[in-house]
Structures are given as structure tokens and as C-alpha cells.
Amino acid sequence: MSDPLVFHFDVDGENFTSAGQASTQVKKNLRQLGLSPDIIRRVSIAMYEGEINMVIHADGGTADVMVTEEYVEIVLKDHGPGIPNVEQAMQEGFSTATDSIRSLGFGAGMGLPNMKRYTDSMKIDTVVGVGTTITMRVNL
Amino acid sequence: MRVEELLEHGFEALSLPDGGREIDGVYIGDLLSWVMGRAQMDNAWITIMNNVNVIAVATLADTSCVILAEDVEMPEELVETAREKGVNVLRSSQPIFETAVKLAGLIA
Ligand SMILES: Nc1ncnc2c1ncn2[C@@H]1O[C@H](COP(=O)(O)OP(=O)(O)OP(=O)(O)O)[C@@H](O)[C@H]1O
Ligand SMILES: [Mg+2]
């Protein structure tokens, strides 16, 4: 069995007009690896939502993507405010986004639900005042 | 129907790097996470949103084109970004409903 492939990205918290760069790069990389369009799309959507959340809600973070023969794993880690009530945050429509962020088209409260919907597993580790780590897997 | 064929029906091309792409269905929305979650691959996406995040969403959700309704403007540097990213962006002078009705007739 070959070694897993890993990609690492720093996600800038300042500049959310260019947010989505890490996800876009991962999409390219997965295409080059020849993964199916459906898998690539699911990984892209889940990662984009997580990447945007780190930019909007947590002042940036890091993204690590690992591709093995069985799955693609995405780990998003930030040192933002944490999520006080994960169950509530996971509900469609729940959002704490500000008006200026909403005017850009974000804040529907659909990001976390999309991440769950498009992945085979999703785990949220979060501590208020410390940060959030989200681990998602899409099986191949 | 191919994206470039829309130009024969009153749609204006702002960015057309992949005009031969087939349109399969239509999705309408301005809230980006709704579009991310609900649009299908190869849909034409009708919106009035015109910021750079639209280009990222179109890339990652793999829509066949973005159609800006109501003659919404897109700043030239965003059009440039769309071209670089291979994202088709068209414009319609009509409101969203009329744009959708027209598309429905064309892709039926
Ligand atoms: N990394 C994070 N750090 C802190 N809070 C977060 C993080 N990710 C999500 N949240 C909280 O969970 C809420 C719901 O997130 P979700 O992505 O579903 O919606 P949204 O980002 O507000 O809007 P949308 O994703 O639809 O644009 C957010 O409004 C925010 O309060
Ligand atoms: Mg979100």
C-alpha cells in the first residue's frame, strides 16, 4: 500500500474576499489524482464551508487534507472563539454572522449542515475560548 | 444545451472560458451556502450576487455557468478572476423569474 498524500494550508483570517483558495487548490490536486467528479465535488463543498467558517468566525486557521486508498480526510483547526452549543450550530438556519458578512451572501446557517451532508463522517472538537477542530472524511 | 448557445438568445457573455460546457438544469439563489448545498453539478446558476465568493462557489459546486440577472454588473477584476478560474459568467437584462422562464424553454 502506498503512503497517504498530505496537503497543508494556512487559511488567512483577514482576507475573506479571497477565501476558498485552499479548497480550490485541493480540488485541483484531487483532479490530478484522478478521483471521481462526485467525490471531488463532495470534498470541495465540505472543505469550502469549513474554510469559510474559519475565516468568518475564527480569524483563520489551518487545513490539512490526507488522501489514502480508502478515504479523503479534511482536518480544519482554528484558535477562534469555539462553538458554545454545537447541536444548535448544526441546525439549518442557525447563524451568528454579522450584517456585513450576510451582505456578501454568507450567514444562511447552512455551512455546517452541508459539511455533514456531503461527508461520510464529521467530528467537531471545540472548546470555548480555545478553538475548534473539525475532522471530516469522504470514503472512496 | 451548451453555455455558449445562450448568446444567441439575448444573454451576454462576461467570461466564457468553457463555453462548450453542457447545461443540465437550473438553480436560483443568492445565499451561498444554499447554493453550495442544493445546486447540482452542471446547473446554470441564476443570481444577483456579484462578489468574488460567487466565483469560488461556482468552481467548487461545479455549476456550468453563473447567470447574473437584472443586468447586475461584475467588476472587471472579478471577470478576470472568473476567466482564470475557468468559470463561465453570463448576464441577462431581465429579472430572475423571466430569466428562469426563458432558460426553461431553451433547455427543455
Ligand atoms: N470555526 C468556527 N469557530 C467558531 N464558531 C463557528 C465556527 N464554525 C461555525 N461556527 C458557528 O456556528 C454557526 C453556524 O455555522 P454555519 O456554517 O452552519 O453557518 P454560517 O457560517 O453562520 O452561515 P453559512 O455557512 O450558511 O454562510 C456560525 O454562525 C457560528 O456561530
Ligand atoms: Mg458557514
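**Exercise 1. Which residues are closest to ligand 1, and how many residues surround it?**

*Solution.* Keep in mind that this is a predicted model.

Step 1. Start with the neighbours: counting residues with a heavy atom within 4 Å, you get 21 around ligand 1. The closest are A:His57, A:Ser95, A:Thr96, A:Gly107 and A:Gly109.

Step 2. Look at which chains take part. Residues from chains A and B surround ligand 1, so the site is shared between chains.

Step 3. Sort the shell by residue type: nine are nonpolar, 10 polar and two charged.

**Exercise 2. Find polar atoms of the protein that lie close to oxygen atoms of ligand 1, and work out how much of the ligand is covered.**

*Solution.* Step 1. Try the side chains. A:Asn53 places a polar side-chain atom 2.8 Å from an oxygen atom of ligand 1. From chain B, Ser33 does something similar: a polar side-chain atom of B:Ser33 is 2.9 Å from a ligand oxygen.

Step 2. Don't skip the backbone. A polar backbone atom of A:Met110 lies 2.8 Å from an oxygen atom of ligand 1.

Step 3. Now for the cover. On its own, ligand 1 has 600 Å² of accessible area, and the protein covers 96% of that.

**Exercise 3. Place ligand 1 in its pocket and say what builds the walls.**

*Solution.* Step 1. Ligand 1 sits in the largest pocket. In the shell around the ligand, the elements giving two or more residues are H2 and H5 of chain A, and H2(A) gives the most, with four.

Step 2. Go on to the pocket itself, whose volume is about 570 Å³. Its lining takes in 34 residues, with A:Asn53, A:His57, A:Ile83, A:Thr96 and A:Leu112 nearest the centre.

Step 3. Assign the lining to elements. Two or more residues each come from helix H2 (37–58), strand E3 (71–78), helix H3 (86–89), helix H5 (111–118) and strand E5 (131–139), all of chain A. H2(A) has the largest share, eight residues.

Step 4. By type, the lining holds 18 nonpolar, 14 polar and two charged residues.

**Exercise 4. Do the same for the second largest pocket.**

*Solution.* Step 1. This pocket holds about 280 Å³ of space. Of its 18 lining residues, A:Lys27, A:Arg31, B:Thr59, B:Lys85 and B:Gly86 are nearest the centre.

Step 2. Helix H1 (21–32) of chain A supplies at least two lining residues, as do helix H2 (52–61), strand E4 (65–68) and helix H3 (76–85) of chain B. The largest share, four residues, belongs to H1(A).

Step 3. Sorted by type, this lining has four nonpolar, six polar and eight charged residues.

Note on methods
Residues numbered from 1 in each chain as written. Chains lettered and ligands numbered in written order. Predicted model: local features only at pLDDT ≥ 70, side-chain atom pairs only at ≥ 80, totals over all residues. Heavy atoms only, no water. 1 Å grid on protein atoms, 1.4 Å probe; cavity = no way out; pocket = protein on both sides within 12 Å on 5 of 7 lines; lining within 4 Å. Points joined across faces, edges and corners; volume = space filled by probe spheres on them. Nonpolar A, V, L, I, M, F, W, Y, C, P; charged D, E, K, R; others polar. Polar contact = N/O pair within 3.5 Å; in protein donor to acceptor, adjacent residues only side chain to side chain. Areas by Shrake-Rupley, 256 points an atom, 1.4 Å probe, with all protein chains shown as cover. Sits in = over half its atoms within 2 Å of the grid points.
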